[in-house]
Number of protein chains: 2
Amino acid sequence: MSAAGRVLLLSNSTQHGRGYLDHAADALQAFLGPRGKVAFVPYAEFDLDGYAEKAGRRLAALGYEVESLHRRPQALAEADAVFVGGGNTFRLLHRLYAAGLVATIRQAVAGGLAYVGSSAGSIVAGPTIKTTKDMPIVQPPSFDALALVPFQISPHYLDPDPGSTHMGETQEERILTFLQENDCPVVGLREGAWLRVESGAIRLDGGTVRVFRRGVPPAECVPGPVSI
Amino acid sequence: MSAAGRVLLLSNSTQHGRGYLDHAADALQAFLGPRGKVAFVPYAEFDLDGYAEKAGRRLAALGYEVESLHRRPQALAEADAVFVGGGNTFRLLHRLYAAGLVATIRQAVAGGLAYVGSSAGSIVAGPTIKTTKDMPIVQPPSFDALALVPFQISPHYLDPDPGSTHMGETQEERILTFLQENDCPVVGLREGAWLRVESGAIRLDGGTVRVFRRGVPPAECVPGPVSI
């Protein structure tokens with residue numbers, strides 16, 4: 001982990017029955033402070049302008065100056081924080097590589113830039129995108145991601161439905177399959193939950209998580225300081 | 001499509017409440033004939049020996065001589081059919097490339113080898129694996145697959161649950177995201193359903209499918225001859 005990294009990883013940007021980022025507004029303001037410049041990354045979505053406008057409006061209402069990197073890449077160098085929005089993880093990582101942003105964001109976060117991710121934006125903060133549930137609609141040059149934290153995120157974590165007759169795999173089964181091939185902890189981040197990482201210390205809020213490690217039973221964590 | 005290709009694509013190998021391949025046994029026998037040599041591909045699963053034994057026992061009970069390609073790759077050249085089992089699509093395609101089987105199976109099917117796929121084994125029969133729902137637990141050298149048929153399969157197709165409060169994407173939403181980036185029809189193959197392709201003609205049985213094309217509303221198909 002980059003020792004200097006300040007990172008906030010949300011499972012989701014919209015909670016059922018609430019508006020965009022409403023459930024995480026207090027956490028965002030506590031993390032970012034009352035003011036500042038935020039560089040928004042809309043690359044996970046198809047409609048870049050529409051997404052940048054939606055996020056920009058919401059973050060402006062919280063007190064931030066927002067610029068989308070798809071309009072002016074130089075805004076990153078002037079920003080206090082980068083916000084990487086959710087959507088399709090493969091499209092996001094493919095475009096981050098195409099724009100040269102993988103190395104740039106990694107260096108900027110090591111240098112003090114605050115990082116906020118939501119859903120796909122949280123996955124790419126991990127070492128790889130190998131725990132995404134998204135369809136691989138485009139092929140990025142590599143599955144390696146920003147590696148701001150030393151664990152994988154599995155957002156929108158859903159517990160198995162014991163009444164299901166569907167023979168497709170559950171999210172837990174998929175994560176266990178990941179651990180057959182990879183030795184890296186996975187955080188199943190339930191909707192509403194987020195992790196805040198500062199100076200290597202991790203704090204969970206907004207909900208509970210299920211943590212998967214190779215060779216040991218999954219563990220549950222409740223809000224508060226957590227060790228992953 | 002390879003004009004000479006004979007292809008049977010199953011959504012799933014196990015139907016809820018029934019044994020392995022029970023629901024498709026009649027379709028398999030109708031497609032393969034009463035006897036013959038089947039080369040089994042276990043690469044989508046972690047436990048190759050266990051998977052080969054399970055499939056071998058079941059297919060032997062249906063009257064076939066079965067050899068697994070992970071034990072003797074040369075068995076493909078002597079086989080009447082290849083059966084590619086389900087599991088993780090990325091692991092399957094990665095190992096097909098590593099074993100040199102992508103080009104070999106494609107050529108063999110063009111030359112008359114019958115192809116049977118189930119779940120991940122059905123996905124890799126399409127042009128790419130870009131419609132899998134599996135986690136990308138390993139990185140194959142390419143998302144390009146066998147291209148035995150000119151459409152993508154999305155197996156275990158689940159209709160949206162109107163009562164869900166979960167904010168993750170539905171299978172339909174994911175397929176529509178695929179169509180934002182790719183112009184190729186996608187067959188949402190519900191559990192229990194399969195497609196049989198011979199000389200370019202496609203027949204659906206066992207259940208219904210939802211077909212997605214770029215720019216037009218999704219269409220439902222019922223068992224019988226279908227055009228995709």
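**How chain A and chain B meet**

Let me begin with the polar side of this interface: in this predicted model, 12 residue pairs, both partners at pLDDT 80 or more, are in polar contact between chain B and chain A. If we ask which elements of chain B give two or more residues to the side that touches chain A, they are helix H4 (89-98), strand S6 (152-157) and helix H7 (171-181). Of the elements of chain B, H7(B) gives the most to that side, with six residues. Sorted by class, the side of chain B that touches chain A holds 17 polar, 14 nonpolar and nine charged residues.

Turning to the charged groups, the rule finds four salt bridges across the interface of chain B and chain A. In a salt bridge between the two chains, the side chain of B:Arg91 meets that of A:Glu181, with 2.8 Å from N to O.

Now to the extent of the contact, which takes 40 residues from chain A and 40 residues from chain B. The area buried between the two chains is about 3500 Å², and carbon and sulfur atoms give 61% of that area.

How, then, are the two chains related? Chain B is superposed on chain A, with an RMSD of 0.0 Å, by a rotation of 180° with 0.0 Å of shift along the axis, and that is the relation of a two-fold axis. In chain B, the C-alpha nearest this axis belongs to B:Lys133, and lies 3.2 Å from the axis. Finally, 100% of the interface residues of chain B are also interface residues in chain A, so the copies meet through the same surface.

Methods:
Residues are numbered from 1 along each chain as its sequence is written. Chains are lettered from A and ligands numbered from 1 in the order in which they are written. This is a predicted model: local features need pLDDT of at least 70, side-chain atom pairs count only at pLDDT 80 or more; totals for chains, interfaces and linings use all residues. Side-chain values use heavy atoms; hydrogens and water are left out. Copies are superposed by least squares on the C-alpha atoms of residues with pLDDT of at least 70 in both. Contact means heavy atoms within 4.5 Å. Buried area is the accessible area (1.4 Å probe) that two parts lose on being put together, summed over both. A polar contact is a pair of N or O atoms within 3.5 Å; within protein, one must be able to donate a hydrogen and the other to accept it, and residues adjacent in sequence count only if both atoms are side-chain atoms. Helices (H or I, at least four residues) and strands (E, at least two) are DSSP runs, numbered from the N terminus. Ala, Val, Leu, Ile, Met, Phe, Trp, Tyr, Cys and Pro count as nonpolar, Asp, Glu, Lys and Arg as charged, and the others, Gly among them, as polar.
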